[in-house]
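Okay, thanks everyone, let me put this one up on the screen. I'll talk through the sheet, then the overall picture, then a few residues.

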Amino acid sequence: PEKIENVIIHSLLIGQAFVYGDSFQSSLVAILIPDEEPLRNMLQTSGEVALAKAPLAEICQSDKLKRILLEEVQSVSKAGGLHGFEIPKAIHLDSEPFSVDNGLLTPTFKLKRQQARDKYEKQIEAMYASLPPPPSKL
């Protein structure tokens, strides 16, 4: 997952990423923390002025922004040479950065995967529930 996260955060719009894959699912999902300043600039220039001025937590609830960032993830993933199965198929946006203080990063700033999975368990389940079922192999 670190390899995929490192490709995804090449996007100027994404500050932090946590990619998760459930062994019983056929695709990956991701928790993204947008990079606030470039995100607001992009929203401003694309005509989403009201959204650009909203609090970051509110911006992260926008379905339109989720679609934009999912396309961005797919674009940077392909440009970064990731295979189709390595590209997250659903994302959740959060405004609270991963940090040592909230227990999601080690003192050397590495992501604590188990703690992140536990914190975002409901969001991960919701993302998997929103994905279409894999094609059946008859």
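In what sense do β2 and strand β3 pair, parallel or antiparallel, and over how many bridges? The pairing of β2 with β3, residues 90-93, is parallel, and it runs over four bridges. If you want a spot to find it on the screen, look for I31, which stands opposite H92 in β3. Before I go on, please keep in mind that this is a predicted model.

Now the other partner of β2. Strand β1, residues 14-21, pairs with β2 in the antiparallel sense, over seven bridges. The link from β1 to β2 is a hairpin, with six residues in between. You can follow the register by eye: Y20 stands opposite V29 in β2, and I14 stands opposite P34 in β2. So that's β2 with β1 paired antiparallel and β3 paired parallel.

Staying with β2, how many of its seven residues are buried? Seven of the seven, residues 28-34, so the strand is largely enclosed by the rest of the structure. And that goes for both faces: on one side you have L28, A30, L32 and P34, on the other V29, I31 and I33, all of them buried.

Okay, zooming out. The protein chain has seven helices and three strands. In sequence order the pattern reads α-β-β-α-α-α-α-β-α-α. The radius of gyration is 15 Å, close to the 14 Å from the globule rule for 138 residues, so the chain is as compact as a globular protein of that length. Along the principal axes, the C-alpha atoms fill a box of roughly 50 × 40 × 30 Å.

A few chain-wide numbers while we're here. Of the 138 residues, 38% count as buried. If you take contacts between residues at least 6 apart in sequence, 55% of them join residues at least 24 apart. The exposed area of the chain is about 8,200 Å², and 56% of that is supplied by carbon and sulfur atoms. On charges, there are 15 positive and 18 negative side chains, with the centres of the two sets 4 Å apart.

Right, individual residues. Start with E5, in helix α1, residues 2-8. Is this glutamate, E5, buried or exposed? E5 counts as buried, because its relative accessibility is 8%, and the cut-off for buried is under 20%. Leaving out neighbours within four places in sequence, E5 is in contact with A17, F18, V19, L111 and R113. A17, F18 and V19 there fall within the 14-21 range of β1, and R113 falls within the 113-119 range of helix α6.

Next, the loop between β3 and α6, which is where L105 sits. L105 has a relative accessibility of 9%, so it counts as buried. Which residues does L105 touch, once neighbours within four places are left aside? Those contacts are Q16, F98, S99, V100, K110, L111 and K112. For a distance to go with that, L105 and E36 are 69 residues apart in sequence and 20 Å apart C-alpha to C-alpha.

In that loop between β3 and α6 you also find F109. F109 is exposed, with a relative accessible area of 63%. The thing to look at is the backbone: F109 has a positive phi of about 65° although it is not a glycine. As a reminder, most residues other than glycine have a negative phi.

Last one, K119, which is in helix α6. At 34% relative accessibility, K119 counts as partly exposed. Past the neighbours within four places in sequence, K119 is in contact with D94, E96 and L104. The C-alpha atoms of K119 and L104 are separated by 8.8 Å, with the two residues 15 apart along the chain.

To leave you with one image, go back to β2, with β1 antiparallel to it, β3 parallel to it, and both of its faces covered. Okay, over to you for comments.

Notes:
Residues are numbered from 1 along each chain as its sequence is written. This is a predicted model: local features need pLDDT of at least 70, side-chain atom pairs count only at pLDDT 80 or more; totals for chains, interfaces and linings use all residues. Side-chain values use heavy atoms; hydrogens and water are left out. Helices (H or I, at least four residues) and strands (E, at least two) are DSSP runs, numbered from the N terminus. The radius of gyration is taken over C-alpha atoms; the globule rule is 2.2 Å times the number of residues to the power 0.38. Buried means under 20% relative accessible area, exposed over 50%, partly exposed in between (1.4 Å probe, protein chains only). Contact means heavy atoms within 4.5 Å. Accessible areas come from the Shrake-Rupley method with a 1.4 Å probe; for residues, only the protein chains shown count as cover. Lys and Arg count as positive and Asp and Glu as negative; His and the chain ends are not counted. The place of a charge is taken as NZ of Lys, CZ of Arg, CG of Asp or CD of Glu. Two strands pair if DSSP finds at least two bridges between them.
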